[in-house]
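Okay, thanks for squeezing me in. I'd like to walk you through one structure, so let me get it up on the screen.

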Amino acid sequence: MTKTLEFIFDLAAPNAYLAWYPLKPIIARTGAQLAVTPVFLGGMHKLTGNAPPMMRDADVKGKVPYAALEFQRFLDRHGMDEFRMHPALPFNSILLQRVLVAASDEAERQALVEALLPAVWERNIDCSDAEVVGAELAAAGFDAQRLLSAAQDPDVKAKLAANTEAAVARGAFGIPTFFVDDEMWFGKERLDQIEEYLGGGKP
């Protein structure tokens, strides 16, 4: 029976970028279905009391430098040479996340992720500027006007808030979070465990 891997996702999280690309071959190898659930990381942090690691761990001697070392090791391991840390981090991703919610279907949502991840984490666009975001969408072949207009729809705004609240209610507190069969994994370091689970092994 084909399993579905749900990715609780926000473009504002650098680890969403790092997890996305190694995840794709895992999906191919296991035959699983991928479902992207857009949430608002800023709202998730408020609901859970969490914070970006560089802020949360700033007073813990040695922890932030070590996290940066492991981050670079992951980039190197997976050949992610184009990644550039966004100078505005932490930034407000609510426009981008509403665009993802406004996608017409799952295929378009994942295509939007493919287009916007490099825009955010390689070219470091201004994520709150609708004109800049629209130009990226149009350049990638999307109907930018439709998506940006839909992002202002009250139903889309409510859906993003509901997604965020539901993810927190299920135990999510950050990005990347994954669910399979109501089992939760957090972090890009859990991808091997997820693949084992999807392949029928134990997590």
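So, keep in mind that this is a predicted model. I'll start with a pocket, the second largest one. It's lined by 13 residues, and lying nearest its centre are Phe 74, Arg 77, His 78, Lys 188 and Glu 189. Which elements give two or more residues to that lining? Those are α1, residues 14–30, α4, residues 63–77, and α10, residues 191–198. The largest share comes from α4, with four residues. As for volume, we're at about 260 Å³. And if you like to think in terms of chemistry, the lining splits into eight charged residues, four nonpolar and one polar.

Okay, over to the greasy part. The largest nonpolar core has 65 residues, and the ones with the most contacts inside it are Leu 5, Phe 9, Leu 137 and Phe 178. Let's click on Leu 137. Leaving out residues up to four places away in sequence, Leu 137 touches Val 99, Leu 112, Leu 116, Phe 142, Ala 144, Leu 147 and Leu 148.

Now have a look at Glu 108, which sits in helix α6, residues 106–121. Is Glu 108 buried or exposed? Its relative accessible area is 13%, and the cut-off for buried is under 20%, so Glu 108 counts as buried. Who are its partners? With residues up to four places away in sequence left out again, Glu 108 touches Ala 103, Phe 142, Arg 146 and Leu 147. You've heard two of those names already: Phe 142 and Leu 147 also touch Leu 137.

For contrast, try Lys 159, in helix α9, residues 154–169. Lys 159 has a relative accessible area of 44%, so we call it partly exposed. Lys 159 and Gly 42 are 117 residues apart in sequence, and C-alpha to C-alpha they are 15 Å apart in space.

Last stop, the hairpin. Strand β3, residues 177–180, pairs with strand β4, residues 183–186, in the antiparallel sense, over four bridges. If you want one pair to find on screen, take Phe 179, whose bridge partner in β4 is Met 184. Two residues lie between the strands of this hairpin, and Asp 181 there takes a positive phi near 50 degrees. Phe 178, from the core we talked about, falls within the β3 range too. As a general reminder, side chains in a regular strand alternate between the two faces of the sheet.

That's my tour, thanks.

Methods
Residues numbered from 1 in each chain as written. Predicted model: local features only at pLDDT ≥ 70, side-chain atom pairs only at ≥ 80, totals over all residues. Heavy atoms only, no water. Core = buried A, V, L, I, M, F, W, Y, C linked by side-chain atoms within 4.5 Å. Buried < 20%, exposed > 50% of the residue type's maximum accessible area, 1.4 Å probe, protein only. Contact = heavy atoms within 4.5 Å. 1 Å grid on protein atoms, 1.4 Å probe; cavity = no way out; pocket = protein on both sides within 12 Å on 5 of 7 lines; lining within 4 Å. Points joined across faces, edges and corners; volume = space filled by probe spheres on them. Nonpolar A, V, L, I, M, F, W, Y, C, P; charged D, E, K, R; others polar. Pairing = 2+ DSSP bridges.
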